[in-house]
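Visitor: I would like to learn how to read a protein structure, one feature at a time. Could you take me through an example?

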Amino acid sequence: DPAQRRVRELAALSKRLQQVHPNVLAKVLKQGTLYQDEEIVAINKPYGLPVHGGPGIKNCIADVLPILAKMLENMKAEPLHLCHRLDKETTGVMVLARNKEVAEKIRLLFKTRQVEKTYWAITLGDPDPAEGIVEIPIVEKEVRSHQSHYKMTLAPNYRLSPEDGKVVKIRKNRNAESAVTRYRRLASSSACSLLELQPVTGVKHQIRVHLAYGLGCPILGDHKYSHWSKLAPQKLPEITLKRLKLEQSKARHLPLHLHAHRLSLPLGQRIDLVCKPPLFFQKTLKKLDLDGANE
């Protein structure tokens, strides 16, 4: 069955990325170069590739930057520098700096919210209203279940009083970070939506948490934030499974459908970096009949 085969291919993809020789990985990143000048290089980050190393991680972007620099600059480059991060499962535009000074400058632009970031996500359900701003602080909490784990979650400053339904301000959580996400629905079909997102702040897992817990529309393939108290594969509506030609028992192999579509950097003049979604994302859009919104 072609659908089952595709799911298996995607599940194997992240594993394969960890077994690839660093030179091969650098070559893949070079082929995915979106833009370069004397200050920056923009690449298309593949699915399933972590930005930083860690336990059990053999390959990551940070490790292959010196190799990539040589491939881009006829063998006499200083290594490239990371300016920001994307989650392992997120695809799309990533900016690298050619030297330390430029890297510092770009990190500061991110920090002071001068970089315009636009993401695309396929979500389960339909946000109501179709366009708006989610402004709810986020904090990391331990989930105590049979398998204890940590998750980012909402730490709202207000709640509804059970007595009279009025909005009551609650004590601010000291560790919570303020988080703001603009969203706009581009299309909806098959119990799913294609959303355009602009995170104003850059809190860890911000888009995923705001969509899942703020709007009740988790990202397709986001198994971590589709439930609070357990680690389990995402439960998909019947029509979505049918369109994707997928059985619920295989839903755990669905990749996260979150893509960094555009970055706009004010470096002298504004540099607009755009990257189209990966093939698996495009195929899902087509299957769910959401691709009418695509540019």
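Guide: We will go through domains, salt bridges, cysteines, a helix and two single residues in turn. Please keep in mind throughout that this is a predicted model.

Visitor: Let us begin with the broad layout. Into which domains is the chain divided?

Guide: The assignment gives domain 1, which covers 1-112, and domain 2, which is made of 116-264 + 274-294. The C-alpha centres of domain 1 and domain 2 are 24 Å apart, and the contact draws on 20 residues from domain 1 and 25 residues from domain 2.

Visitor: How much area is buried between domain 1 and domain 2?

Guide: The figure is about 1900 Å², and carbon and sulfur atoms give 63% of that area. Charged side chains also enter the picture, for the search finds 1 salt bridge across the interface of domain 1 and domain 2.

Visitor: What is the general idea behind a salt bridge?

Guide: Side chains of opposite charge can pair when their charged atoms come close. In the whole structure, the search finds 11 salt bridges.

Visitor: Which residue forms a salt bridge with R208?

Guide: The partner is D87, and the N to O distance in this salt bridge is 3.3 Å. R208 belongs to helix α5 (residues 206-214), whereas D87 sits in the loop between β3 (81-82) and β4 (91-97), so the pair ties together parts that are 121 residues apart in sequence.

Visitor: Are R208 and D87 buried or exposed?

Guide: R208 has a relative accessible area of 7%, and because buried means under 20%, R208 is buried. D87, at 17% relative accessibility, also counts as buried.

Visitor: Where do E39 and K105, the partners in another salt bridge, lie in the chain?

Guide: E39 is in the loop between β1 (33-36) and β2 (40-45), and K105 is in helix α4 (residues 100-111), so that this pair, 66 residues apart, links distant parts of the chain. Their side chains meet at 3.7 Å, N to O. E39 is partly exposed, with a relative accessible area of 26%, and K105 counts as partly exposed at 41%.

Visitor: Which residue forms a salt bridge with E140?

Guide: E140 pairs with K204, and their closest N and O atoms are 3.7 Å apart. E140 is in strand β7 (residues 138-143) and K204 in the loop between β12 (192-199) and α5, with their positions 64 residues apart in the chain. E140 counts as partly exposed at 44% relative accessibility, and K204 likewise counts as partly exposed at 46%.

Visitor: Which residues are joined into one network by salt bridges that share partners?

Guide: The network is made up of E116, R262, R270 and D272.

Visitor: Now for the cysteines. What is a disulfide, and how many does the structure hold?

Guide: A disulfide is a covalent bond between the sulfur atoms of two cysteines. This structure holds 0 disulfides. For C60, the nearest cysteine sulfur is that of C83, 16 Å away, and C60 is in no disulfide because the two sulfur atoms would have to be within 2.5 Å. C217 is in no disulfide either, with the nearest cysteine sulfur, that of C192, 9.7 Å away. C60 is buried, with a relative accessible area of 0%, and C217 is buried as well, at 2%.

Visitor: Where does C83 lie, and what is it in contact with?

Guide: C83 lies in the loop between β3 and β4, and C83 is buried, with a relative accessible area of 6%. Leaving aside neighbours within four places in sequence, C83 is in contact with V95, L96, A97, A103, I106, R107 and F110. C83 and E104 are 21 residues apart along the chain, and their C-alpha atoms are separated by 7.5 Å.

Visitor: How should I read a helix? Which residues of α2 are buried?

Guide: One can ask where the buried residues point. In helix α2 (residues 22-31) the buried residues are L25, A26 and L29. They cover an arc of only 100 degrees around the axis, which means that they are on the same side of α2.

Visitor: Where is S189 found, and which residues does it contact?

Guide: S189 is found in strand β11 (residues 180-189), and S189 is buried, with a relative accessible area of 17%. Apart from neighbours within four places in sequence, S189 is in contact with R243, L288, D289 and L290.

Key:
Residues are numbered from 1 along each chain as its sequence is written. This is a predicted model: local features need pLDDT of at least 70, side-chain atom pairs count only at pLDDT 80 or more; totals for chains, interfaces and linings use all residues. Side-chain values use heavy atoms; hydrogens and water are left out. Buried means under 20% relative accessible area, exposed over 50%, partly exposed in between (1.4 Å probe, protein chains only). Helices (H or I, at least four residues) and strands (E, at least two) are DSSP runs, numbered from the N terminus. The arc is that of the directions from the helix axis to the C-beta atoms. A salt bridge is a side-chain nitrogen of Lys or Arg within 4 Å of a carboxyl oxygen of Asp or Glu. Domain bounds come from an automatic or database domain assignment. Contact means heavy atoms within 4.5 Å. Buried area is the accessible area (1.4 Å probe) that two parts lose on being put together, summed over both.
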